[in-house]
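Subject: The structure I promised you

Hi there,

Here is the structure I said I would pass on. Have a look at it first, then read on.

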Amino acid sequence: FVEQITINVTEMFRDPEFYKSLRTDILPKLGTYPFIRIWIAGCSTGEEAYSVSIILKELNLLKKALIYATDINPAVLEKASTAMFPLSKMKQYSENYMASGGLENFSSYYSANYSLAKLKDELKSKIIFSTHNLVSDNSFNEFQLILCRNVLIYFDRTLQIKVFDLFDSSLEHLGYI
């Protein structure tokens with residue numbers, strides 16, 4: 001049932017201007033914290049979580065960060081945890097990465113094997129993939145940054161308000177949504 005009702009469309013560094021702002025404006029400020037907790041709600045197959053992980057690595061913040069990537073759909077979380085994506089998508093992901101202000105050669109973050117690209121283990125090491133229902137589950141931590149870019153457009157106003165309340169109770173004072 002969950003597989004049928006969830007929409008799992010995402011890509012790495014989707015909307016490069018957003019990631020450029022995250023890279024230049026938000027994450028450097030969060031870098032002043034002793035530890036950074038990030039929640040990516042509705043993470044789907046994980047591309048957004050890995051995008052954030054790459055930026056944290058480039059800003060030398062990955063070692064003191066933890067990314068909680070959650071979704072209601074356990075099947076997409078299982079796929080996300082493999083850190084493998086179709087090689088055919090890497091060209092688009094590379095273009096997005098460069099447009100977002102990427103500092104390295106994007107291909108240095110993965111190895112190619114037949115038709116799949118496997119992201120480096122270091123990028124996955126700071127991501128916890130977990131099932132979470134934004135509508136019925138409670139807050140599970142206090143975060144400096146909460147990203148939810150793929151879900152709320154599918155909720156009616158009542159559910160959106162419920163999720164905003166959840167985010168409000170999960171966000172550290174002076175944190176970013």
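Below is what turned up, starting with one helix and moving outwards. Keep in mind that this is a predicted model.

**Helix α3**

Let's begin with α3, which covers residues 47-58. The helix has 12 residues and reaches 17 Å from its first C-alpha to its last, close to the 16 Å expected at 1.5 Å a residue. How many of its 12 residues are buried? The count is 11, so you can call the helix mostly covered, given that buried means under 20% relative accessible area. Among the buried ones are A49, Y50, V52, I54 and L56, and E47, E48 and E58 are on that list too. Just after the helix, look for N60, which takes a positive phi of about 60°.

**The nonpolar cores**

The largest nonpolar core has 39 residues. Those that touch the most other members are L27, I38, Y50, V52, L56, F106 and F129. Which element gives this core its largest share? That is α3, with six residues. As a bit of background, nonpolar side chains in soluble globular proteins tend to be buried together. Try clicking on L56: leaving out residues up to four places away in sequence, L56 touches L27, I38, L61, L62, A65 and I67. There is also a second, separate core of 14 residues, including F143, I146, C148 and F167.

**Aromatic rings**

The structure holds 16 aromatic pairs. To describe such a pair, you give the distance of the centres and the angle of the planes. Take Y50 and F85: why is this pair edge-to-face? The planes of the two rings are at 80°, and over 60 degrees counts as edge-to-face. Their centres are 5.8 Å apart. The pair links distant parts of the chain, with Y50 in helix α3 and F85 in strand β3, 35 residues apart. Y50 counts as buried because its relative accessibility is 0%, and F85 counts as buried at 0% as well.

Y50 has another partner, F129, and this pair is tilted: 5.8 Å centre to centre, with 45° between the planes. Here too, distant parts of the chain are linked, since F129 sits in strand β6, 79 residues from Y50. F129 has a relative accessible area of 18%, so it is buried.

Elsewhere, F13, F18, Y19, Y97, F106, Y109 and Y110 form one aromatic cluster. Over the ring of F18 sits the charged end of R149, 4.0 Å from the ring's centre.

**Y109 and H132, two loop residues**

Y109, one of that aromatic cluster, is found in the loop between α5 and β4. Is Y109 buried or exposed? It is buried, at 4% relative accessibility. Its side chain is joined to that of E58 by a polar contact of 2.7 Å. The C-alpha atoms of Y109 and I54 are separated by 8.0 Å, with their places 55 residues apart along the chain. Not counting residues up to four places away in sequence, Y109 touches I54, K57 and E58, among others.

H132 is in the loop between β6 and β7. Its relative accessible area is 8%, so H132 is buried. A polar atom of the H132 side chain lies 3.1 Å from the backbone oxygen of N138. Beyond its neighbours within four places in sequence, H132 is in contact with residues including W39, T70, D71, F140 and L166.

Happy exploring!

Definitions and conventions. Residues numbered from 1 in each chain as written. Predicted model: local features only at pLDDT ≥ 70, side-chain atom pairs only at ≥ 80, totals over all residues. Heavy atoms only, no water. Helix = DSSP H or I, 4+ residues; strand = E, 2+ residues; numbered from the N terminus. Buried < 20%, exposed > 50% of the residue type's maximum accessible area, 1.4 Å probe, protein only. Polar contact = N/O pair within 3.5 Å; in protein donor to acceptor, adjacent residues only side chain to side chain. Contact = heavy atoms within 4.5 Å. Expected span 1.5 Å × (residues − 1). Core = buried A, V, L, I, M, F, W, Y, C linked by side-chain atoms within 4.5 Å. Phe/Tyr/Trp six-rings, centres within 6.5 Å; stacked < 30°, edge-to-face > 60°. Lys NZ or Arg CZ within 6 Å of the ring centre and 35° of its normal.
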